[in-house]
Each structure stands twice: as structure tokens, then as C-alpha cells.
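Work through the exercises below with the structure open beside you. Each one sets a task and then solves it step by step.

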Amino acid sequence: SGASGGAKSRLKHRMLAQIVSSASPTYLFDLVLGDSAAAGDMLANNNDSPSSRPHVGIISTAAGYTIVEVSSEERSVRITERVTTEAVACRLAAYPPADPLFYVPTPGSDKTDTSGVTSSSSSSSMRRQLPFLPSRLDSASSGPGSRVRTKTLSPLLMQEPAPGICDLERAKRVIVSAHLDMTEDKASTTVDFSEGLTSSKEGRKRRITHEDFVMISSMDQSSEAGSTGRLRATQMSPLYVETATQLGLLSDRTIPPLISYLLPESAPAPTRRFLRRWLLAPPPSHVSNAMSQLVQTLKDDGPPLPPLAVPPIGKVLALIRAGQASAQVFRELIDALESTTSVLDAYSDDESLDIVKPLMILLQHESGMAADPVSLQSRCRETSQLIEKVVAPYNVHNHNAYFEDDDLLDRVSDHGDTVPRAFFERNEASWRGRVKPEAAVDAYDHVKQAVDNLANVVRIDFWGPNDPVTTSSKRSPVFQDIFNNLFALKEIPSWVDQKEKEKYFHPRDRNGKVLRNRYTTANVQAALSDYVEACETACKEVTKVLTNLSATLCDEGHLPAVVQAAHANLILSTAAHHAANSNALGWSMAQVFEKNTSGSPNPNLAGNIKDIWPYWMDRHESVANSFKLDGLFLLTAPNMSGKSTLMRSTAAAALLSNCGLCAPLAQGSSIQRFDALFVRGASADVPTEGKSAFGAEMGDIAALIRSCGDKSLVFVDELGRGTSPKDGTSLAGAVLEAMAESRMNGIFATHLHGILDLPLSPVAQEHIFMKRMAIHKNSNVDVESPTYEWTYRLEDGVCKDSLALVTARHFGLPENILNRAELFSLSLVSSNPNRITSHEGDSDTSPSFTHSNQRVANGASLPVSNNVGLDHAMTIVEEYAGENEKVVRIPPKWMCPASLEGYCCVYILQVDDRFYVGETDSLSRRLSQHRKKGSAWTMLTAVAIRVEGGKTEARNVESLVIRKMAKIGFDMISINDGRSVRSKGRMLPNKKTTIEDAQ
């Protein structure tokens with residue numbers, strides 16, 4: 001209380017409260033009353049705080065690897081069977097596991113000391129023994145604790161096959177048991193609540209075993225052909241490292257991150273982590289179908305949803321099991337439980353909205369527990385009511401909160417100016433507002449009595465005949481000492497008789513030192529001590545009530561409801577945010593079909609792609625492509641013509657569609673369900689593995705040949721460029737032939753045109769189709785120096801000219817080097833006169849070229865010409881404003897035509913050799929303002945065009961025109977208004993507008 005003496009200095013007692021690791025990052029010590037401190041921050045900063053890393057076990061079997069992921073906090077085990085070496089490496093690279101990584105070799109292959117622990121970054125011999133160790137980690141997941149050691153377990157630890165015990169259960173037992181033994185969970189995961197439990201199981205202790213962990217299988221249970229003879233459903237394998245990197249799922253600053261375009265910026269961080277895991281390890285077919293149903297319903301019908309609270313379930317469960325869950329944690333749980341209950345209440349019986357049924361399928365897959373809407377609704381309501389009986393609905397100390405019922409607030413004691421309010425706040429803030437007063441009646445009554453007694457004594461001894469109410473405007477004689485938790489007088493009151501002054505003395509501070517400038521009385525000191533003691537008792541009682549609530553939730557089996565509510569909210573939040581973002585971007589849901597089934601359009605068709613565009617671009621700034629994927633495309637095209645972009649866009653759309661998500665393509669598209677997706681792009685050396693760029697490339701191609709078949713979708717870009725042209729062409733041809741003979745579908749892009757002359761087998765030739773990217777040749781210019789523009793359109797045909805020098809000139813290579821390169825090129829041609837160096841046929845009738853009087857598809861084309869002027873600018877603004885409107889040219893000093901006045905217009909000004917783009921709804925006034933700037937502005941030439949759709953559409957057109965002109969090479973006076981383009985979103989069903997029309 002600050003009234004009693006003590007030693008002048010005290011030794012500080014220190015102890016080890018808990019070891020926090022990457023697998024258990026939640027600090028569990030003394031958090032019960034931490035609403036405004038650690039516990040509150042832990043929930044409030046869920047988006048920023050690191051999530052726990054699972055312990056991972058890799059079991060080698062004859063059918064491949066089995067990945068076992070153990071979550072210590074959630075007590076769940078996620079198992080994936082029959083995984084390739086490359087898929088295991090991708091999983092470990094994307095999400096570095098907690099230390100150590102467990103490895104169980106096949107029987108007879110464990111030659112190492114099974115009791116030892118080896119580093120994953122050790123010698124090359126270790127990498128040869130454990131080929132799944134990733135050569136690099138995702139930079140977004142790396143950092144402290146990301147370096148993992150490997151602990152090899154003896155295969156003898158695997159339980160023998162027995163009736164009733166499947167392979168998944170055997171895998172779970174060996175890894176979970178090893179994890180529990182290693183972390184000494186005999187003590188650290190023991191159920192041991194603090195003293196004073198009201199439960200009959202008070203003080204019990206029980207060691208956690210593998211039976212306490214829920215098993216979640218990533219395998220499609222419906223994919224096995226049963227007794228009914230159903231066809232086995234196709235399930236996509238986990239992605240490889242190279243595929244994940246090329247699609248932006250592993251961080252690479254040169255590749256747009258896919259997840260950033262699937263969700264709006266406002267989406268919670270847990271939804272981003274969910275989708276990343278969802279795409280890296282695609283779900284079973286029936287689960288992806290459920291996600292597709294849910295997203296489509298939310299996207300088309302868009303019913304309102306309650307606020308979807310997504311608490312960090314692993315941390316919450318860890319706090320509850322440790323008896324350290326605070327009132328704020330329980331309030332978060334109530335919000336999550338009520339959100340789930342509200343959704344089930346609103347939509348369980350609504351047959352017009354397909355929400356609850358797919359949600360239950362997804363929930364069962366994610367939680368590993370049976371999901372029934374009636375049972376879940378009942379269990380969530382029961383758990384919520386149990387918490388609400390104990391926990392106060394509001395925290396009175398949250399000054400930013402809005403309180404619906406002021407009578408429910410558990411306010412701090414207040415006796416006006418008699419006792420300083422800050423004193424009551426300091427002693428009661430730690431426990432008030434946590435539980436309802438009826439949950440700790442005796443403690444609350446004791447505090448009230450102590451407060452009344454303290455106020456009465458202070459009124460008599462400190463205030464005397466002065467009434468605190470009437471003297472409130474004057475300075476209070478009572479001064480608080482926050483450091484010593486006491487209050488006193490600075491001087492003996494003047495109204496005290498000489499005889500009474502003897503009862504006033506100097507109090508002592510917390511270290512026993514006399515405070516000679518303060519005065520108090522024995523009655524005040526005793527009442528103050530009683531009050532502080534009553535507050536300490538109340539604090540202990542509130543802690544005990546919250547700890548008992550944690551014990552009740554554990555003992556009475558309420559945690560499954562908490563887990564499923566959190567997962568349900570996360571799934572719904574992810575689906576809702578993705579559906580909203582897809583509508584904003586104009587993305588659609590493709591139909592997914594099984595190969596060679598009744599739902600398949602034709603036996604050889606792998607996909608009917610309509611108007612696909614890059615996922616990282618606005619659809620009105622990009623070129624959409626439509627094609628039927630009915631084999632293996634051999635794609636040849638010039639540099640910078642969009643080959644890699646088309647391949648990456650198609651691969652991303654296939655992955656998203658197979659996972660039940662929307663993709664950047666038009667409605668009516670259909671894509672086959674694939675068993676593997678493989679994307680091989682540009683190579684880089686891997687020094688950590690002693691591989692050159694070509695060696696790494698060959699390793700990936702070996703994995704492709706080994707793992708992909710007739711139900712696989714593959715994309716190989718420029719294979720063989722890391723070696724000599726002869727060897728590269730030979731290897732690329734052989735790989736292409738092997739892929740075609742295996743009936744793989746996809747795109748094989750190359751600049752090694754010698755492949756076209758190789759004698760491929762007849763079987764391979766039947767499955768290979770020649771494709772190229774069309775370019776635009778300006779035939780109205782000097783024949784000796786033609787100019788080109790890329791159209792980014794896919795078409796039938798062959799291209800044997802990469803136009804490398806044209807691309808080099810566009811990117812600023814010095815002219816002397818380009819001229820020298822042209823001479824060398826002529827020298828090479830003269831030494832090989834039979835060499836064809838252009839598109840096949842090299843004539844103006846070649847289907848690869850369009851003539852200059854044909855308008856090139858939208859503003860994404862890349863011209864290689866310095867011929868920029870006002871005429872060219874007019875075609876650009878016409879392109880974006882629409883074909884129904886015509887550009888009007890306004891010569892210097894001419895008046896604005898009256899026909900444009902009062903309409904939203906976009907205009908382009910030519911000031912000397914520079915250009916300015918703007919928009920206005922009063923063109924005459926705006927031109928007058930520009931001409932008044934003087935100098936060259938007085939003689940500007942303008943072009944203007946009317947824009948339908950109002951101010952917003954005019955600003956969009958303005959931004960698009962600025963971007964296009966700057967990209968082409970116009971000298972722009974300002975580009976500030978070209979920084980953002982607002983997407984038009986989805987098009988109305990009754991407006992039959994194509995992507996090209998919109999562009």
C-alpha cells in the first residue's frame with residue numbers, strides 16, 4: 001500500500017517463464033488480465049504478428065514422399081501423400097518449418113546416425129541424401145528461425161500395418177510422437193490450470209499424446225474408385241518450386257505476386273495466407289468445386305454477410321489451454337462464434353443461395369472435423385452463451401468503443417473530488433471490465449465497502465468542514481503519489497485544532513523512506529491499506545474466474561466449436577473478398593471438367609480459353625487472347641511479343657480455375673481438371689547446389705518428364721538457350737517430342753528455329769500445333785527500314801525472325817553497335833543462303849502481318865518507331881474513347897466548336913514538340929486558360945473528342961491515353977493524371993460488349 005516500511009533496496013527475482021519458438025510464438029505468461037497489453041495487442045496485430053510454423057516430417061515411401069505438418073498450437077496434423085521431390089522442396093521453401101525437420105527414410109536406406117541432427121545447409125552429400133531440401137527460401141518467409149536442421153528418424157519407429165490403422169494414421173503417430181518427445185511436452189503441453197479451479201478435475205495433469213491431434217488429409221477421399229465403379233477424380237499435385245516462382249507464389253521481385261491480385265487491399269492478412277497455401281497445394285476436386293460454388297454465389301447474388309471475425313486460432317487455443325486467455329480474447333471468440341451463428345441462421349434454409357452446403361464441405365476439409373450446420377450452429381451458440389455468462393460485454397477502458405448500454409459498464413469507483421479519480425483508476429483498471437460483477441460477487445462487494453470507508457475517512461481527516469462538492473472549483477488539498485500508490489496532504493489543514501495536529505504524521509514510500517513533505521493519518525492509512533488489499537483480492541478473483549472459464553471450455557469440449565467457427569469465418573471472408581475483387585476487375589469463373597467424361601467438350605480439348613489477359617494488368621489496358629487448347633502448341637515469335645506473358649497468364653488461369661477461384665478470362669471459358677501444372681521459365685544458376693543455369697534447367701525438365709502425363713498442363717519457355725545452338729536445338733526437339741508423345745497439353749515456346757526442321761515422330765507431330773504471336777508491319781514506310789508494332793495476338797503459323805535488333809534499338813542500345821550487328825547478320829546470311837530469316841514466306845501476305853491501315857488492338861502494343869505526332873495521338877485517343885466518336889482538330893487560335901461545349905471531353909495539346917493530355921466539361925474555357933500561359937502555349941494545336949459516360953469515364957480515358965503516349969515515346973509535359981486507372985468492373989449481362997470493344 002505504500003504505508004508500511006521496507007528495505008531501501010530489494011533484489012529483483014527473475015525466472016524463466018516460457019521458451020518461445022517459431023513453432024509456439026505465443027507468450028503464455030501472465031496474460032489473463034492483459035486486455036490492453038500483450039493479449040490485446042496479440043489479437044489487434046493479427047495481420048502483422050508472425051504465425052506459428054508447423055513442425056514438418058517427411059516420410060519416404062515407394063509411392064513418393066508423405067508430408068506431415070504438425071501444428072502445436074492448433075493440435076492438428078495435415079498430411080499429404082504421394083508427393084514428388086520437387087513438390088516437397090516447394091513446400092519447404094514457401095513455408096520454412098520449425099526446427100528441426102523430421103525425416104524418415106525408406107527401410108534399408110538409413111545409413112546415418114539416427115540420433116544425430118544435421119544442418120540443411122551442410123555438405124553436398126547431405127543434399128544428395130535428402131534431395132527435397134530447397135536450394136533457396138522464399139524471402140517473405142525467411143528471417144530469424146528460418147534455417148532448419150534435419151533430424152533423421154529410424155524407419156523402425158513406423159508402426160506395422162494393422163487392421164483399423166491406415167497409412168495416414170501411421171505417419172501421424174511417428175511424427176507427432178517424435179515432436180512431443182523432442183519438445184519434452186510431458187511438461188510444456190501438460191493441462192495444468194492455476195490453483196482454485198471450481199471444476200471437479202481441479203489440479204489434474206495429463207500428458208498430451210498423438211491422440212489429442214486432429215488429422216487433416218489433403219487427399220481427395222472421393223478420388224479413389226469405389227465399389228460403384230465411379231471414375232477417379234483428378235487432383236492437381238502440389239506445385240513445384242519453379243512453377244510457384246513463375247506464378248508469383250514465391251517472392252521474386254521480377255514477377256507480379258499473384259495473391260496481391262486475388263484480394264483487395266482491405267482483405268485481412270489471414271485470407272492472403274489461406275489463399276497462398278490453397279494454391280501451393282491445390283485441394284481435392286470436391287473441395288475446389290465447393291469453393292467454386294461459394295465464390296460464384298457470393299459473386300453473382302452477393303448476399304450481405306455479418307462482420308467476419310477471424311481470430312488467430314492457434315494463439316487463442318494456446319492461451320485457453322494454458323489458462324491465460326484474457327477477457328479480450330473471449331470477446332474475440334464471441335464475435336467469431338456469433339458471426340458463424342448469424343450466417344447459419346440467415347442462409348441454412350435459403351435454397352436460393354448456395355452458401356451453407358459448400359461452406360460445410362470446405363470447413364470439414366480445413367478443420368479435419370465433421371461439419372453439420374445444425375450441430376455447428378447449436379455448439380457455437382452454446383459456447384457463446386457460456387462465455388457471455390462470465391465475460392463483461394465491454395471494456396470500459398476502451399475510450400474509442402461505442403457502448404450500447406451504459407448500465408452494463410463496470411466503471412471504476414468514483415467519489416468525486418474526495419479521493420483522486422486517478423487513484424481509483426490505477427488500482428481498479430487492471431481487473432474491472434473483464435468479467436461481470438455477478439461472476440465475482442464477494443470480491444466486488446468487498447471493494448465497494450472499502451471504497452466507501454476510504455472516502456468517508458478522507459472526508460473527515462483531509463477535508464474536515466470543507467465540502468468537496470462546494471469546494472470543487474478550488475484546488476484539492478489531496479495529492480496523489482502514483483509511484484508509491486498513495487495519496488496524502490502537503491500540509492496539515494489550517495482548520496485542525498492544535499491538539500488534533502498530533503494525529504497527522506509523515507507516510508513512508510514503498511522502500512520505507514519517510515516522505516517529510518507529505519501528511520496522513522492512521523485512519524486514512526488503514527482505510528487505504530484495506531482498499532488496496534481488496535483490489536488485490538478482486539484482481540486474483542477475476543483471474544481465477546477467467547482461468548476457470550478456460551478450464552470449462554477445455555473440459556466440456558467446446559474447443560472444436562471455437563476451431564470450426566474460426567475456420568468458417570476465414571473461409572467466408574476469403575471467398576467474399578475474392579468475389580468482390582473479381583467483380584471489380586471483371587474476372588470470371590471458368591467451367592472445370594474432367595477429361596474423357598460426359599462433361600468434357602471433346603476428348604482432345606484441354607481448354608476453351610476466351611479473352612484471357614495477364615492477371616497483373618487491367619483488362620482495358622491489355623490485349624485479350626482466345627484459343628482452344630487442344631494439344632501442345634509450338635510457339636515461335638519475335639522478342640517482346642508476349643510469349644512468356646501469354647504462358648504465365650494461361651498457367652495462372654488454369655491454376656485458379658482448378659482451385660475453384662475466378663481468373664482473368666471471359667465468361668463461357670472452360671478448362672480441364674489437370675493432375676499437374678508445370679511452368680519452366682528463364683534459368684538462373686544455383687551456386688548452393690553447384691548447378692549452372694543449364695544444369696538447373698535440365699533438372700527441372702527431368703522432373704517434368706518424370707511427373708507429367710496426358711492430364712498435365714505444361715509450359716516450357718526457351719529451353720536450351722543456356723548451351724550451344726546445336727545442342728540446345730537437339731535437346732529441345734527431343735524434349736518436345738517426348739512431351740507430345742505423352743499427350744501433354746500446353747505451350748512450348750522457343751527461338752531455336754531449327755526445331756521446325758527436325759524429323760519428329762509421327763505420333764508427336766499429330767499432337768503439336770504451330771502457333772505464333774502476330775506483329776504489325778507498317779508497309780507504307782521505307783521498305784529498307786520497315787517499322788513494327790507488336791499486337792500480342794496468338795495466331796496459327798510459324799515465325800523464324802526474332803527481330804532482336806528491333807527490340808535492342810527500342811531499349812536504347814547504341815546505334816554503332818546495332819549497325820555492326822546488322823553487318824554481322826548479313827555476313828551470317830551470306831554464309832548460309834538457305835537460311836530463312838523472317839516469317840515464313842516473308843511477304844506482305846503473310847498472316848503474321850497486318851497493314852498500317854488496320855487499327856492495332858488496344859494500347860498494349862509496343863511500337864518500335866520514332867514517328868510520333870499529333871496524327872498518331874489522334875488515333876490513340878479515338879481508340880480509347882470509342883469508334884462512335886470522332887476527333888476534332890482545333891488549329892492555333894481557333895475557337896472551340898460549339899458541338900463540344902457542355903460535354904465531357906478529352907483533349908490533346910501540342911505545344912512545340914511536346915504534348916499535354918487533359919479532360920474537361922468546358923473545352924472553350926479550358927483552352928482559353930491554356931493559351932493565357934503565354935509563350936508557345938499561345939500557338940498550341942488541340943484535338944478533342946467527346947466521351948460518353950461522364951466525368952469518371954473521361955478521367956479513365958485521359959489516364960489511358962497518357963500512359964499509351966508516354967509508353968510509345970511522346971514527350972509529355974505532364975504524366976501525373978496517368979498514374980491510376982479505375983477498372984470498369986464486370987459488364988452488364990444485357991450489354992453485349994467484347995473486350996476489344998471496351999478497349
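**Exercise 1. Decide whether strand β25 (residues 941-946) is enclosed or open, and find its partners.**

Step 1. Fix the terms. Helices (H or I, at least four residues) and strands (E, at least two) are DSSP runs, numbered from the N terminus. Buried means under 20% relative accessible area, exposed means over 50%, and partly exposed lies in between (1.4 Å probe, protein chains only).

Step 2. Count the buried residues. In β25, 5 of the 6 residues are buried, so the strand is largely enclosed by the rest of the structure.

Step 3. Look for partners; two strands pair if DSSP finds at least two bridges between them. Strand β22 (residues 888-890) pairs with β25 in the antiparallel sense over 3 bridges. One bridge joins Ile 890 to Ala 942 in β25. Strand β23 (residues 905-911) is also antiparallel to β25, over 6 bridges. Here Gln 910 stands opposite Thr 941 of β25.

Step 4. Note the source of the values. This is a predicted model, in which local features need pLDDT of at least 70 and side-chain atom pairs count only at pLDDT 80 or more, while totals for chains, interfaces and linings use all residues. Residues are numbered from 1 along each chain as its sequence is written, and side-chain values use heavy atoms, with hydrogens and water left out.

**Exercise 2. Find the largest nonpolar core and describe the surroundings of Tyr 531.**

Step 1. Define the set. A nonpolar core is a set of buried Ala, Val, Leu, Ile, Met, Phe, Trp, Tyr and Cys residues joined through side-chain atoms within 4.5 Å.

Step 2. Give its extent. The largest core has 140 residues, and Leu 279, Phe 487 and Tyr 531 have the most contacts inside it. Helix α16 (residues 522-555) gives the most to this core, with 13 residues. Apart from it lies another core, of 36 residues, among them Leu 101 and Phe 678.

Step 3. List the neighbours of Tyr 531, where contact means heavy atoms within 4.5 Å. Leaving aside neighbours within four places in sequence, Tyr 531 touches residues including Phe 423, Phe 424, Val 447 and Leu 454.

**Exercise 3. Classify the ring pair of Phe 424 and Tyr 531.**

Step 1. State the rule. Rings of Phe, Tyr and Trp (its six-membered ring) pair if their centres lie within 6.5 Å; planes under 30 degrees apart count as stacked, over 60 as edge-to-face and the rest as tilted. The rule gives 14 aromatic pairs.

Step 2. Apply it. The centres of Phe 424 and Tyr 531 are 5.5 Å apart and the planes are at 75°, which makes the pair edge-to-face.

Step 3. Locate the partners. Phe 424 is in helix α14 (residues 421-428) and Tyr 531 in helix α16, 107 residues apart, so the pair links distant parts of the chain. Phe 424 is buried, with a relative accessible area of 0%, and Tyr 531 is buried at 0%.

Step 4. Contrast a second pair. The rings of Tyr 907 and Tyr 916 have centres 6.4 Å apart and planes at 35°, so this pair is tilted. Tyr 907 is buried at 1%, and Tyr 916 is buried at 19%.

Step 5. Extend the first pair. Ring pairs link Phe 423, Phe 424, Phe 462, Phe 487 and Tyr 531 into a cluster.

**Exercise 4. Which rings do Lys 490 and Arg 946 sit over?**

Step 1. Use the criterion: NZ of Lys or CZ of Arg must be within 6 Å of the ring centre and within 35 degrees of the ring normal.

Step 2. Read off the partners. Lys 490 has its charged end over the ring of Phe 479, 4.6 Å from the centre. Arg 946 lies over the face of Tyr 903, at 4.2 Å from the ring centre.

**Exercise 5. Place Arg 743 and Tyr 792, and say whether each is buried or partly exposed.**

Step 1. Take Arg 743. This residue has a positive phi of about 65° although it is not a glycine. Arg 743 is found in the loop between α20 (725-741) and β17 (745-749). At 31% relative accessibility, Arg 743 is partly exposed.

Step 2. Take Tyr 792. Its phi is near 60°, a positive value in a residue other than glycine. Tyr 792 is in strand β19 (residues 787-796). At 16% relative accessibility, Tyr 792 is buried.

Technical notes: Contact means heavy atoms within 4.5 Å.
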